[in-house]
Amino acid sequence: MKVAVLGGTGKMGRALASRLAESNSVIIGSRDPARAREAAKGIPGASGADYAEASRTADVVVVAVPDSAVATIAPLAKHLSGKLVVSVVNPLRSEGGILYFGRKAGSAAEELAELLPESRVSTAFNNIPAGFLLKDEVVPIDVLVAADSKETYEETAKLVREIKNLRPLYAGPLSQAAIVETITALVLNLASLNGTGSLATRFVSRKG
Ligand SMILES: NC(=O)c1ccc[n+]([C@@H]2O[C@H](COP(=O)([O-])OP(=O)(O)OC[C@H]3O[C@@H](n4cnc5c(N)ncnc54)[C@H](OP(=O)(O)O)[C@@H]3O)[C@@H](O)[C@H]2O)c1
């Protein structure tokens with residue numbers, strides 16, 4: 001499968017791209033195609049392109065841009081029509097050393113879904129700091145996925161499972177994306193306030 005990562009030159013985009021390249025043909029998307037090609041050099045089998053070309057060529061598109069840049073994805077709607085679009089975007093703001101959810105209403109994923117009415121939009125990978133993906137072996141992590149249909153969830157879950165030790169968990173419709181995105185603020189605050197080192201989400205279950 002061809003997977004484009006928009007914002008693939010960034011910390012999270014690059015980390016996800018290198019993991020997804022283990023089982024897909026990855027296209028790094030950047031506003032600057034030269035920067036995309038440069039970033040792709042470090043990832044076996046990956047290529048680089050501008051956002052339009054990366055979106056047009058890909059079967060699945062991951063959006064790993066800052067929250068402030070979500071609106072810039074709108075012109076890509078025609079290229080993304082009929083495709084799975086996975087947001088990893090976290091709207092965060094910092095106040096007095098504490099991180100808060102950065103939007104007054106809605107979520108980054110819902111904004112993307114509004115901008116891309118003919119795409120299947122989900123949110124996933126939000127709560128995994130990039131560093132976890134860069135280790136030789138990724139530790140077991142639960143990846144919370146919000147999506148409006150079970151089909152879109154399943155498509156996203158398949159992508160999540162391609163990275164060894166990641167377990168997708170369905171968090172409900174996209175109206176739950178704000179909760180998933182907010183958990184990132186919690187996870188980062190927990191790590192910094194308790195000196196635990198980097199944290200990611202993992203849930204325990206009680207069977208029986
Ligand atoms: N870092 C993490 O550990 C992590 C984990 C989970 C989720 N996330 C989420 O993933 C997204 C990217 O985070 P990141 O840490 O990878 O950020 P980053 O290192 O700053 O990278 C963001 C990339 O987005 C692209 N971009 C597009 N429009 C932009 C704009 N207007 N301003 C700045 N960059 C723009 C840039 O690529 P070009 O300049 O090449 O176009 C840049 O390389 C964020 O929404 C973040 O919340 C991050």
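Begin by selecting helix H7, residues 150-161: this helix lies across S4, strand S5 (84-87), strand S8 (120-123), strand S9 (141-147) and S10. Relative to S9, H7 runs at about 155°. Please note that the model on display is predicted.

Next, display the strands that H7 crosses together with the rest of their sheet. The sheet is open and consists of 8 strands, in the order S3-S2-S1-S4-S5-S8-S9-S10, with mixed pairing. Which strands stand at the edges? They are S3 (47-50) and S10 (166-172); each has a single partner strand, so one side of each is left without a neighbour in the sheet. If the view is then turned along the sheet, the relation between neighbouring strands may be examined: on average they are turned by 30° against each other, direction ignored.

Now select strand S1, residues 2-6, and strand S2, residues 25-30. These two strands pair in the parallel sense over 5 bridges. To locate one of these positions, select Val-5, whose bridge partner in S2 is Ile-28.

Keep S1 and S2 visible and add helix H1 and strand S4 (60-63). H1 lies across S1, S2 and S4, and its direction is at about 170° to S1.

Helix H1 also leads to the ligand. H1, residues 11-20, gives the most to the shell around the ligand, contributing 3 residues. Finally, select the whole shell. The ligand is surrounded by 24 residues, of which Gly-7, Gly-10, Ser-30, Ala-69 and Asn-90 come nearest. Colouring by residue class shows how the shell divides: 10 of its residues are nonpolar, 9 are polar and 5 are charged.

Terms used
Residues are numbered from 1 along each chain as its sequence is written. This is a predicted model: local features need pLDDT of at least 70, side-chain atom pairs count only at pLDDT 80 or more; totals for chains, interfaces and linings use all residues. A residue is near a molecule or strand if its C-beta atom, placed from the backbone, lies within 6 Å of it. Helices (H or I, at least four residues) and strands (E, at least two) are DSSP runs, numbered from the N terminus. Ala, Val, Leu, Ile, Met, Phe, Trp, Tyr, Cys and Pro count as nonpolar, Asp, Glu, Lys and Arg as charged, and the others, Gly among them, as polar. Two strands pair if DSSP finds at least two bridges between them. Axes are lines fitted to C-alpha atoms, for helices over the stretch in contact, and angles run from 0 to 180 degrees between N-to-C directions. Two residues are in contact if their C-beta atoms, placed from the backbone, lie within 7 Å.
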